[in-house]
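Open the model in a viewer and keep the sequence panel visible. The tour below goes from one selection to the next.

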Amino acid sequence: MKLPTSLSVERLLPARVPFGLRVFFRGAFLLLGLATIALALAVLQDEKERSYRNYQDGFRKNQAQIAAKLRHPTGQLVLLNPTAYDHEVTPLRPLVLPFSALDFDDRNKAQQAIEMAGCLVQYPDAASMCVAVGNNPFAGGFIYAVGSFNSGPLVSHTSGTLDLGLAHRARITVEMRGQRYRWIAPFQAMQATEEGRNVSPFANARGRLVGFVDEGPITPASRPVRDFRGWLWQDGRCLDGAPAAGPDCARRSFVSVRLPVELFREALFSKGPAGIVWPPADLDQVKVQVEMLAPGEGKPLFDSNADGATAPFSWAELTPLLLPGEKLRIRKLGIADTSTEVVSLSGVETTERSSPLIAWLIRRLQVDGYDAPVTSAEIISTPLGRYELSLTGDIRSVNKVLTAVATRVSWFVGGMLLAIFMTWLAIELRIIRRITELTRRAATVSKGVRASDNLATVDLADLRGGDELGVLAGGLQDLLQRVNEDVRREQIRVAQEKDTWHAVGHEIMSPLQSLMVLHGNADDPAHRYISRMQQAVRVLYGSASPSEAFESTALNVQTLDANEFLSHVARNAEAAGIPGVAFEPLTQAVTVRADEYSLEDVVSHVLRNAERYRLPGSLIRITLSQQAQEGTAPEAVIAISNQGPQIEPGLLDKIFEYGVSDQPDTGAAGQRGQGLFVAKTYMAKMGGTITARNLGSGVCLELRLQCATG
């Protein structure tokens with residue numbers, strides 16, 4: 001046997017590393033630095049073009065979004081009341097609604113109208129209130145107060161009772177043009193019975209607010225104000241959604257009131273030279289206070305002058321929609337091309353720091369159409385006139401934003417260039433020079449192997465050290481030595497194993513041939529088993545390993561009656577040391593394609609496994625069935641099951657691999673995890689399959705073979 005020899009460095013020609021290797025590394029790092037700069041410039045160019053297109057798209061979308069907001073009743077509310085919230089939110093001042101009037105008698109319509117218009121002033125206790133007038137002086141020449149608040153069950157005022165403090169009531173005060181109006185309106189429930197049944201005081205409540213002029217105590221001669229109209233509704237469920245069942249349950253109440261204002265009515269019927277002016281010029285100077293009082297003289301349930309009120313939609317909500325540099329102008333168009341500017345808004349300018357050098361570089365990058373102005377105009381119509389929406393963009397903001405972003409990113413680019421330079425310097429000084437020497441010596445190993453078909457050792461003692469390359473040099477030398485030793489041992493082992501298999505096969509074959517002479521009659525029961533043993537020896541004779549031997553075996557596949565075959569196996573199982581095997585043959589013949597000896601080996605291996613794990617005294621059952629699926633040939637299914645422990649789910653497929661066994665002492669017991677491997681190999685060569693599955697009380701192994709046709 002030829003074993004590896006050791007070759008020294010002196011016996012081999014020196015392997016030369018070209019000087020161009022250093023040039024290659026230096027050029028690679030130089031190109032890497034240039035590529036980094038070029039990539040940064042390309043990204044800037046692409047980002048500028050992308051930012052310009054995005055700005056144009058965003059500008060159009062922004063203009064459409066602003067126009068859509070202003071066309072919505074909420075936006076029209078702002079157009080009709082441009083200066084409504086130049087002062088404090090409270091006391092409340094009437095707003096001009098984008099509707100001609102409010103259907104205040106209908107809760108759903110009134111609530112939907114004020115929510116759509118966005119005129120509700122919100123309060124910290126979840127209450128809300130909208131004070132407004134309609135945009136039509138004849139239909140909406142009233143002040144509407146519509147909102148909601150929380151309260152306990154409503155207490156109704158009884159007709160004829162002069163003390164209004166015994167019921168829930170509204171107190172409303174209006175101050176305008178030096179005059180002060182004040183009403184007190186008790187709640188009067190509309191129904192006390194329903195279909196002859198008493199209505200629970202905790203059900204949905206609905207009733208009128210009957211308005212009296214609040215000038216002092218109510219007397220029998222006091223009469224309600226004719227044009228004062230008001231309604232009060234209360235939900236039948238608590239705020240938390242539970243059904244109302246007691247006086248301590250707070251519920252949502254909704255109030256809708258129409259206030260008669262004499263000064264408005266006088267203005268409508270006394271036309272001046274300019275005709276009817278609506279809305280009144282001093283509408284934002286009218287002050288309205290709405291209070292909802294519980295029975296008694298306690299604190300109001302709701303006061304529109306309470307602190308913490310939040311104004312509805314205003315111009316301030318449009319400002320965040322504007323990008324830096326954009327300007328929004330809204331003008332009201334008049335007669336004869338006259339116009340009045342309503343508001344002018346500008347986007348908030350960014351103050352982020354940027355590099356002048358990067359700003360100059362970005363300005364030098366060319367983008368098609370970059371110098372074209374970006375403007376857009378649109379007309380919005382309202383019940384009280386037309387408004388021109390003009391939006392002007394500032395394309396320079398693209399440069400500003402991009403410069404700010406590029407300034408932040410430039411630190412990463414600079415850091416990358418510095419890292420490239422430092423990496424090259426470190427590699428040049430600490431790695432490349434030593435790698436060159438190590439490569440030269442390692443090349444001698446390759447030359448030695450090609451020259452003698454053996455491994456070679458080299459002397460790397462001078463390259464050893466405490467760093468990575470030193471460890472690599474030492475490890476390479478140790479590895480070469482170990483490889484030489486392993487190759488030598490492997491060659492010896494393979495040769496010995498091959499000789500052993502030849503010897504074993506020869507020694508077993510001789511007595512088997514003698515036994516075959518003694519039991520040559522085919523009717524002799526021993527004849528069948530001696531033939532199987534001869535076949536097994538032929539499989540293993542001269543082979544390098546059992547797995548290779550079984551996989552390379554060629555089987556003689558013929559037709560076989562599975563009923564007769566399994567009956568024979570079951571009858572002779574006890575003679576083979578496997579008692580208690582039960583098989584019930586089918587009434588009809590089941591012909592399969594298989595090698596009789598190989599199939600008997602498969603069934604024997606499965607039965608031995610079933611015997612090893614079954615419960616003492618239990619039967620091993622063999623069943624035979626035929627299965628056929630549409631479009632496929634029929635199959636014969638041989639199921640072998642026992643009662644005993646189940647197989648772990650993770651081992652159901654692995655048990656058919658060579659050497660797999662759940663017993664730690666398989667080697668000592670003569671078991672090598674080979675039986676089921678042989679079964680799977682033979683089944684595959686016969687065109688069949690073998691699978692395992694757990695049953696409720698044990699394990700079942702299924703053998704599937706193709707049925708013979710014709």
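The stops are the whole protein, a sheet with its helix, the cysteines, and one residue of a long helix-forming stretch named at the end.

**Before selecting anything**

This is a predicted model, in which local features need pLDDT of at least 70 and side-chain atom pairs count only at pLDDT 80 or more, while totals for chains, interfaces and linings use all residues. Residues are numbered from 1 along each chain as its sequence is written, and side-chain values use heavy atoms, with hydrogens and water left out.

**Whole protein**

Show the protein as a cartoon: the secondary structure comes to 12 helices and 25 strands. Helices here are DSSP runs of H or I with at least four residues, strands are runs of E with at least two, and both are numbered from the N terminus. Of the 710 residues, 39% count as buried, where buried means under 20% relative accessible area, exposed over 50%, and partly exposed in between (1.4 Å probe, protein chains only).

Switch to a surface view. The accessible surface comes to about 39,500 Å², and carbon and sulfur atoms hold 55% of that; the areas come from the Shrake-Rupley method with a 1.4 Å probe, and for residues only the protein chains shown count as cover. Among contacts (heavy atoms within 4.5 Å) between residues at least 6 apart in sequence, 69% join residues at least 24 apart.

**The four-stranded sheet**

Select 327-333, which is strand β15. This strand belongs to an open sheet of four strands in the order β16-β15-β18-β17, with antiparallel pairing; two strands pair if DSSP finds at least two bridges between them. Add 339-346 (β16) and 375-382 (β17): these two stand at the edges with a single partner strand each, so one side of each has no neighbour in the sheet. From one strand to the next the twist averages 20°.

Next, zoom in on β15 and β16, which run antiparallel and are joined by seven bridges. Which residue of β16 is the bridge partner of L328? The partner is L345.

Now select 73-80. This is helix α2, which packs on the sheet and touches β15, β17 and β18 (385-392). The direction of α2 makes about 90° with that of β17; axes are lines fitted to C-alpha atoms, for helices over the stretch in contact, and angles run from 0 to 180 degrees between N-to-C directions.

**The cysteines**

Show cysteine side chains as sticks. How many disulfides are there? The count comes to two, a disulfide being a pair of cysteine sulfur atoms within 2.5 Å.

Select C119 and C130, whose sulfur atoms are 2.0 Å apart. The torsion about their S-S bond is about -110°, so this disulfide is left-handed. C119 sits in the loop between α3 (107-117) and β2 (121-122), and C130 in strand β3 (residues 128-133), 11 residues apart. C119 counts as buried at 1% relative accessibility, and C130 is likewise buried at 1%.

Move to C238 and C249, where the sulfur atoms are 1.7 Å apart. Both cysteines lie in the loop between β11 (229-234) and β12 (251-259), so the pair ties together parts that are 11 residues apart in sequence. C238 and C249 are both buried. With the bonded cysteines numbered in sequence order, the pairing is 1-2, 3-4.

Then select C700, buried at 3% relative accessibility, and C707, buried at 7%.

**Last stop: Q65**

Select Q65 in helix α1 (residues 20-71). Q65 is partly exposed, at 39% relative accessibility. Add L321: its C-alpha atom is 8.6 Å from that of Q65, although 256 residues separate the two along the chain.
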